[in-house]
Each structure stands twice: as structure tokens, then as C-alpha cells.
Amino acid sequence: MKQIRLKEGLLILYPTMVTINETGNSVSLTGSDVVVNLPGTPISPPTTRISKAATQADLRWIFENGNPLLEEVDVPQPTAVK
Amino acid sequence: MPCAITAINSNAACAQDQGGIVRSFFCNLTDITAVSNTAGVVTGLTMVSTGLLKLMQYSKDDTAYMNQTGARENERLSVTATAFFKFRGVTAAYIKNANEIGECCSVVAIHIFANGARIIQGIELDATAVGGFVGTRKVTQVTPSILSDTGANQSRLEYMVEGSSNTFAPSTTLTDAALIAL
């Protein structure tokens, strides 16, 4: 089974990495949600932004859109335990 | 980029093609981890975190621009990109903003042109780089100025954004909504 994943070594360098998915929403490439508290500015109050972890469908679209940080790998199908 | 000569015809439509830029998004070069592109057009950005692109809404007085001037230096093409815009008035917040952005070592600016084009100043596409891009050859930096001017004019904050590269700044299909979501 083919899966899309972040290339090795990048998660340590960029532990809160985000990008845009097909629907224009911010998604995390780290495998978990990224939550960031943004301080207020003279024109906007403090806010909390949450980038949900990208789904496999998100990752495939981002990969096929040319993101160089992702790769397609073969993942063995789990076998049924008798 | 390999040599190629392709025909261009700008007389097919009578679009007004208003000049100038109307707003820009800014971040540090180090805030971007990867650039996705299709045939040289940027279709996606990956950032080190969310909320790092900052929207600059400057004066709409037909003075804001982003020009890229090509020059030959010993047969090598060099492109100097210069953007200029201003914010009316002088406030403590403007002074803080000017001091902080003036300290940035290398910035990236996504300029929205009046005719709808979207150009990314501060990067060059490079398929051999890990993230698919590099910063401009001569770093892109902001030089702020704060002017009282005279009673006949406006006091203002001005930003000049300048850097040099080997290629013209790439365009992008990323919408304002996507850039704000990033």
C-alpha cells in the first residue's frame, strides 16, 4: 500500500510545520495538531490558531502539488491474525 | 533555466492592466521551509509554523510599486527587485514596526499587483534545494524611513524592499484566503 509521509529528519528541524490543503485550510505536516497563540497587535486581539494534522488525503494532494518535503513509500498491509 | 524563445502577444485583449501593487504579505525567509511549484508557478508554501505571514495594507495613492530591473554583468543576467510603499502618519506602532522589520536579515514579500498578478519577492526556485527554493543572491531586506515632510504634504512611514537575484521573482496562485490561513 502506498502512503505519503514527511521525509526523514525534517520533523526535528521543523516540529510545527504547516501548509495549505486542497480546501485552502492550514494543515500540520507533523502528524499532530499545531496550536499557536498569536499575540495581539494594535489592530487585532490575541488569537489561537489550530492547524489540524494533515490526513492521508491531504498529504497526497500536497505531495501531488509538488511539495518537496513529502515522499511516497510502500507500507506493508497488516495481515490478519489467526 | 535553459534557453527558450516563445512568442508573446499582448494585443489579443484590451485589458487595462493597471500598474502598481495594492497589498503585500511579509515573512522572514527562514519562516518558509518549502515551496511547491508547477512549471515555475508557486502553488504552495510550507511554513515553519502558522500565523507568520503578515499583511501590509499600505496607502492606496498610486505610489506603491514592485519593479524588477534586469541588467547584464559580464554576460550574466542579474535582476534587482525593488518594492516601495508607504503608510500615512507617524505613530509609536509604526516606529516599532520600522525598527523591527529593519532588523530582519532576509525577508520574503508576496505582492498583489493591481492587475491581479501575485509575485513573490525574496526567493528563487531551485529544484536541487531541500525545500525547492533558495533566498535571493543578494538578500532581500527592508529599509524603512520615517518622514515628517512639510505642512504641504503627509507625514509617513516608507518601506523600500530590495534584493538581487539570478532570475525574476516567481508568481504564485496562492489566494489571499490561503495566505491568511497559513
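Two strands are taken to pair if DSSP finds at least two bridges between them. In this predicted model, strand E7 (residues 107–113) of chain B meets that criterion with E8(B): four bridges join the two, which run antiparallel. Within this pairing, His111(B) has Ile119(B) in E8(B) as its bridge partner. E7(B) and E8(B) form a hairpin, with four residues between the strands. In the turn, Gly116(B) has a positive phi of about 100°.

Strand E8 (residues 118–121) of chain B is covered on both faces. Arg118(B) and Ile120(B) are buried on one side. Ile119(B) and Gln121(B) are buried on the other. Ile119(B) is thus placed twice: as the bridge partner of His111(B), and as a buried residue of E8(B).

A second hairpin in chain B is formed by E5(B) and E6(B), with two residues between them. Asn74(B), in the turn, has a positive phi of about 50°. Strand E5 (residues 65–73) and strand E6 (residues 76–88) of chain B pair in the antiparallel sense over nine bridges. Here the bridge partner of Gly70(B) is Val79(B) in E6(B). E6(B) is also joined to strand E12 (residues 156–165) of chain B, by ten bridges and again in an antiparallel arrangement. In that pairing Thr80(B) has Ser164(B) as its partner in E12(B).

These pairings sit in a chain with two helices and twelve strands. Along the sequence, chain B follows the pattern β-β-β-β-β-β-α-β-β-β-β-β-β-α. Its radius of gyration is 17 Å, close to the 16 Å that the globule rule gives for 182 residues, so chain B is as compact as a globular protein of that length. The C-alpha atoms of chain B fill a box of roughly 55 × 40 × 40 Å along the principal axes. Of the 182 residues in chain B, 33% are buried. Among the contacts in chain B with a separation of 6 or more, 68% are between residues 24 or more positions apart.

Chain A has two helices and six strands. From the N terminus, its elements run β-α-β-β-β-β-α-β. The radius of gyration of chain A is 16 Å, whereas a compact globule of 82 residues would have one near 12 Å. The C-alpha atoms of chain A occupy a box of roughly 60 × 30 × 25 Å, taken along the principal axes. Buried residues account for 22% of the 82 residues. Of the contacts in chain A between residues at least 6 apart in sequence, 49% join residues at least 24 apart.

The two chains touch. In the interface, 22 residues of chain B are in contact with 22 residues of chain A. On the chain B side, strand E2 (32–38), strand E3 (41–47) and helix H2 (176–181) each supply at least two residues. The chain B residues that touch chain A divide into ten nonpolar, twelve polar and no charged.

In soluble globular proteins, nonpolar side chains tend to be buried together. The largest nonpolar core in the model has 48 residues. Those with the most contacts inside the core are Val18(A), Val35(B), Ala83(B), Val108(B), Ala109(B), Ile120(B) and Leu182(B). Ile120(B) is also one of the buried residues of E8(B). Leu182(B) touches residues of chain A, namely Val18(A), Ile20(A) and Ser26(A), when residues up to four places away in sequence are not counted. On the same basis, Leu182(B) touches Leu45(B), Met47(B), Thr50(B) and Leu53(B) in chain B.

Methods
Residues are numbered from 1 along each chain as its sequence is written. Chains are lettered from A and ligands numbered from 1 in the order in which they are written. This is a predicted model: local features need pLDDT of at least 70, side-chain atom pairs count only at pLDDT 80 or more; totals for chains, interfaces and linings use all residues. Two residues are in contact if their C-beta atoms, placed from the backbone, lie within 7 Å. Ala, Val, Leu, Ile, Met, Phe, Trp, Tyr, Cys and Pro count as nonpolar, Asp, Glu, Lys and Arg as charged, and the others, Gly among them, as polar. A residue is buried if 20 or more other C-beta atoms lie within 10 Å of its own, exposed if 12 or fewer, and partly exposed in between; C-beta atoms are placed from the backbone. A nonpolar core is a set of buried Ala, Val, Leu, Ile, Met, Phe, Trp, Tyr and Cys residues joined through C-beta atoms within 7 Å. The radius of gyration is taken over C-alpha atoms; the globule rule is 2.2 Å times the number of residues to the power 0.38.
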